[in-house]
Amino acid sequence: MEVKNISKQSGNVQISLAVIEKVSKLAALEIEGVKDVSVGSTGVKGIFAKTNLPKSVEVNMYDGVADITLNIVVKYGFKLSTVCKAVQQAVKYNVQSMVNVTVSKVNIIVSGVEAV
């Protein structure tokens, strides 16, 4: 498990990248129009394939700065660009304020559209 170290005067704090992924996912799910944070439908063949399935949220750290990629499913009837922009802003704000990690960019992949 990869962690990010934060040095404080009272000691060190280690934050797992899984925590940043979870905060990102929860922030995205709060946005109106987001049905799910997932890679979408893989079908029966995809479920049983022996290949690595892509992660719904991926965090890469470069010199202490996070680069976050989310795969989302948008509810039918919502404007994709509006939903994506709101997700980007929410994820960046929540990660920076809750985890105290600078976010350089939030990449959004719309992996599906589902009826409400």
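**View 1. Asn100 sits in the loop between α3 and β6.** Helices (H or I, at least four residues) and strands (E, at least two) are DSSP runs, numbered from the N terminus. The model is predicted: local features need pLDDT of at least 70, side-chain atom pairs count only at pLDDT 80 or more, and totals for chains, interfaces and linings use all residues. Residues are numbered from 1 along each chain as its sequence is written, and side-chain values use heavy atoms, with hydrogens and water left out. Asn100 comes just after α3 and takes a positive phi of about 60 degrees, although Asn100 is not a glycine. Asn100 is exposed, with a relative accessible area of 52%. Here buried means under 20% relative accessible area, exposed over 50%, and partly exposed in between (1.4 Å probe, protein chains only).

**View 2. Asp63 also has a positive phi, of about 55 degrees, without being a glycine.** Asp63 belongs to the loop between β4 and β5. Its relative accessible area is 82%, so Asp63 counts as exposed.

**View 3. The whole chain holds 3 helices and 6 strands.** From the N terminus on, the order of elements is β-β-α-β-α-β-β-α-β. The chain has 116 residues, and 34% of them count as buried. Contact means heavy atoms within 4.5 Å. Of the contacts with a separation of 6 or more, 66% are between residues 24 or more positions apart. The accessible surface comes to about 7500 Å², and 51% of this surface belongs to carbon and sulfur atoms. Accessible areas come from the Shrake-Rupley method with a 1.4 Å probe; for residues, only the protein chains shown count as cover.

**View 4. The largest nonpolar core has 27 residues.** A nonpolar core is a set of buried Ala, Val, Leu, Ile, Met, Phe, Trp, Tyr and Cys residues joined through side-chain atoms within 4.5 Å. Ile20, Ile68, Leu70, Ile72, Val87, Val91 and Val95 have the most contacts inside this core. The elements that give two or more residues to the core are α1 (17-29), β3 (34-37), β4 (57-62), β5 (65-75), α3 (80-98) and β6 (102-114). The largest share, 6 residues, comes from α3. In soluble globular proteins, nonpolar side chains tend to be buried together.

**View 5. What does Ile68 touch, leaving out residues up to four places away in sequence?** Ile68 touches Ile20, Ser24, Val57, Glu58 and Val59. Val91, Val95, Val103, Lys105, Val106 and Asn107 are also among the residues Ile68 touches.

**View 6. Helix α1 turns one face inward.** Leu17, Ile20, Glu21, Val23, Ser24, Ala27 and Ala28 are the buried residues of α1. Seen down the helix axis, these residues fall within an arc of 165 degrees, so they line one face of α1. The arc is that of the directions from the helix axis to the C-beta atoms. The cover over the buried residues of α1 includes β2 (11-16), β3, β4, β5 and α3. The 13 residues of α1 should span 18 Å at 1.5 Å a residue, and the end C-alpha atoms are 19 Å apart, which agrees. The expected span of a helix is 1.5 Å times one less than its number of residues. Ser16 caps the N-terminal end of α1, with a side-chain oxygen 3.0 Å from the backbone nitrogen of Ala18.

**View 7. Ser24 is found in helix α1.** Ser24 is buried, at 0% relative accessibility. Its side chain reaches the backbone oxygen of Ile20 at 2.8 Å. Leaving aside neighbours within four places in sequence, Ser24 is in contact with Val57, Ile68, Leu70, Val91 and Val95.

**View 8. The buried residues of α3 are Val83, Cys84, Val87, Ala90, Val91, Asn94 and Val95.** Down the axis of α3, its buried residues fall within an arc of 135 degrees, so they line one face of the helix. Among the elements that cover them are α1, β3, β5 and β6.

**View 9. Ile31 lies in the loop between α1 and β3.** Ile31 counts as buried, at 17% relative accessibility. The C-alpha atoms of Ile31 and Val87 are separated by 6.4 Å, although the two residues are 56 residues apart along the chain. Not counting residues up to four places away in sequence, Ile31 touches Val83, Ala86, Val87 and Ala90.

Note on methods:
Polar contact = N/O pair within 3.5 Å; in protein donor to acceptor, adjacent residues only side chain to side chain.
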